[in-house]
Amino acid sequence: IPVPKDASTRNQLVLHYLEKNGMSCSKETIDLFVTRISNLSPSAITTILDTAKYNAKQNGRTVGLELLPALEEHLYGEKNAMLSQTSKEKTAVHEVGHVLLAKHYGKPVNFVSIVAREKFSGYAFIPTDESKSDMSKEDLLQEISILVAGRAAEVAVYGESGVTTGASSDFSRASELALSFV
């Protein structure tokens, strides 16, 4: 089954699932959820909705309150042990670097977290413009700049000797983008 690329189709899928299961959720939560699932298959989306439904029942909460935590767990893994205060601060500086440059370029930032998970110490979710099928050179350079801005923020605050390994996945993604442009 193909990945539903447009937000309208993803929205219909989520609303159908909620209606079929006698559940409801605020429009704001659904809109944010739909924005964050742009690259997921219908099967993955259903799995996340099933997890939210199960967690809501277990925790005596609404599906709306469990939807985004279920998505985070699916995308980034379960929560890890707590980070030290120093690690939290360095992670926060790193993520702020991404956010500041994204805002400078006028891009929306939907979510930022410094909660350690299996795959990341933190992350910033900056959605891409779904209306564009191709990236211009300017778009590409902005995306790469945002990806390396986390490391730049670490260097600015802590110096070269105080940087973390947190930028490794950012550098991998930036390299993939650059290679796609060549």
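Trainee: Where in the fold is the place of Thr 91?
Mentor: Keep in mind that we're looking at a predicted model. Position 91 falls within the run of residues 85-104, and that run is helix α5.

Trainee: Is Thr 91 buried or exposed?
Mentor: The cut-off for buried is under 20% relative accessible area. Thr 91 comes in at 10%, so we call the residue buried.

Trainee: Which residues does Thr 91 touch, leaving out those up to four places away in sequence?
Mentor: Skip the sequence neighbours and look for heavy atoms within 4.5 Å. For Thr 91 that leaves Leu 83, Ile 114, Ser 121 and Gly 122.

Trainee: And how far apart in space are Thr 91 and Ile 48?
Mentor: Along the sequence, 43 residues separate the pair. Going C-alpha to C-alpha, Thr 91 and Ile 48 are apart by 26 Å.

Trainee: Zooming out, in what order do the elements of the protein run?
Mentor: There are 7 helices and 2 strands to place. Starting at the N terminus, the order reads α-α-α-α-α-β-β-α-α.

Trainee: What radius of gyration does the protein have, next to that of a compact globule?
Mentor: For 182 residues, a compact globule would be near 16 Å. The protein agrees with that, and its own value is 18 Å.

Trainee: What share of the contacts with a separation of 6 or more is between residues 24 or more positions apart?
Mentor: Take the contacts in the protein that meet the separation of 6 or more, then pick out the pairs 24 or more positions apart. Those pairs account for 67%.

Key: Residues are numbered from 1 along each chain as its sequence is written. This is a predicted model: local features need pLDDT of at least 70, side-chain atom pairs count only at pLDDT 80 or more; totals for chains, interfaces and linings use all residues. Side-chain values use heavy atoms; hydrogens and water are left out. Helices (H or I, at least four residues) and strands (E, at least two) are DSSP runs, numbered from the N terminus. The radius of gyration is taken over C-alpha atoms; the globule rule is 2.2 Å times the number of residues to the power 0.38. Buried means under 20% relative accessible area, exposed over 50%, partly exposed in between (1.4 Å probe, protein chains only).
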